[in-house]
Amino acid sequence: MRAISPEATIGILGGGQLGRMLALDAKRMGYRVAMLDPTPNSPCGQIADQQVVASYGDLAAVQRLGVMCDAVTYEFENVDVRAVELLEGSGVRIAPGSRALRVAQHRLREKRFLRDQDIAVTPFAAVTTADDLTSAGEHVGYPAVIKTAAGGYDGKGQAVVHTRAQALQAFERLRGRELIWERFAPFTRELGIICARSESGQMVTYPLTQNIHEENILAFSVVPAGVPAPVEERAREIAQRIALGLDFVGTFCVEFFLLPDGELLVNEIAPRPHNSGHYTIDACTLSQFEAQLRAICDLPLPAPRLTSSAVMVNILGSGSGDRLLGIPELLSDPAVSLHLYGKRQALARRKMGHFTLLRDPGTPPAQLLQTAREARKRLSWGSASAL
Ligand SMILES: Nc1ncnc2c1ncn2[C@@H]1O[C@H](COP(=O)(O)OP(=O)(O)O)[C@@H](O)[C@H]1O
Ligand SMILES: [Mg+2]
């Protein structure tokens, strides 16, 4: 495959922070960026050279984007597969391809794919009817997480259920959507790994992170994860198998549950850079975004090296004001780097930015996390008049 050099135009479907950070790396390297999102001046749109303002399902607009670009990628998995197929059919280089997207955007297809690859997942069943629900309760069992098969993110479209009454309630709420019943995994930790693979098959994996969620949204990613080396080795090997099984081109993330006996279950695959990989911008020799860019442009992908221990801390909106307070206090630590996504409204639970806190290699993960929790307390939201 021909390498695509800077000065070419990279297209991004989606205008969120992942697209923004990809665009920032692309611009640094001399590429032009065109993007498509329904909202003008989105986080990515603010950085891009050209914005196509249209819905993701607007295939004519997707085609217009394709015509502007030498290569196209996407920054979230809820893009319409037909849009990706359309670009594939019209000879535009688009990666990851429609096959990988089709699998990764649908929890049932994803779990079946993993099972077929002999990769362990939590027991699950498809649920569409009330009878399916009863059968899943009997055969897969409680406690369980009922999720929409498609369209969920950041814990949206999910319910944890312990009893049949709760299951029925969740079923009523999510009714009409294709659902998956997953046995609740009694994990001791959640882990994540970023992997990138290029058009010509060069593949790299990043260090494993420990991911800590609050109310089903990622709060902290700590690296190194502080797990035994064989666990990290297995995670790497699983990620590589997934990359090959999907013939994946680009950057992706595998989320894992670590069970008390040391077994790893795959929770899900994100077919794009991932929130838990933001630490790579400040703590690795190659960011997950530059890796994505190099992968789709078929440029060399050198093995990324961790240059310090790190914690990535998400900054979520609280709904109590749009102005982030405490930035000078946060930045009084010279090893903190701040990333804000250019979103105006700090709605509750909205991902507004993150910061990465760097420490010397060898700092114990528990200490890293403690320092990060303290640092996060310096930030709060207020209104402009509160200043
Ligand atoms: N089967 C499960 N067992 C235990 N916890 C789960 C399970 N599924 C999801 N969770 C919890 O909910 C979080 C979000 O679920 P996930 O499937 O990763 O969806 P999302 O697309 O919202 O990230 C997970 O990181 C985990 O903390
Ligand atoms: Mg997840």
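Student: Which residues are linked with Arg 28 in a network of salt bridges?

Tutor: Happy to help! In this predicted model, local features need pLDDT of at least 70 and side-chain atom pairs pLDDT 80 or more, while totals for chains, interfaces and linings use all residues. Residues are numbered from 1 along each chain as its sequence is written, and side-chain values use heavy atoms, leaving out hydrogens and water. A salt bridge needs a side-chain nitrogen of Lys or Arg within 4 Å of a carboxyl oxygen of Asp or Glu. By that rule, Arg 28 shares its network with Asp 25, Glu 290 and Arg 294.

Student: Is Glu 290 buried or exposed?

Tutor: Its side chain meets that of Arg 28 in a salt bridge of 2.8 Å, N to O. Buried means under 20% relative accessible area, exposed over 50% and partly exposed in between (1.4 Å probe, protein chains only). Arg 28 has 53% relative accessibility, so Arg 28 counts as exposed. Glu 290 has 8%, so Glu 290 is buried.

Student: How many residues apart in sequence are the parts tied together by Glu 182 and Lys 111?

Tutor: The side chains of these two form a salt bridge, 2.8 Å from N to O. Glu 182 lies in strand 9 (residues 179-183) and Lys 111 in helix 5, so the parts they tie together are separated by 71 residues.

Student: In what order do the 5 strands of the open sheet come?

Tutor: Helices (H or I, at least four residues) and strands (E, at least two) are DSSP runs numbered from the N terminus, and two strands pair if DSSP finds at least two bridges between them. Strand 1 (residues 9-13) and strand 4 (residues 71-74), for instance, are joined by 4 bridges. The pairing in the sheet is parallel, and the order is 3-2-1-4-5.

Note on methods:
Chains are lettered from A and ligands numbered from 1 in the order in which they are written.
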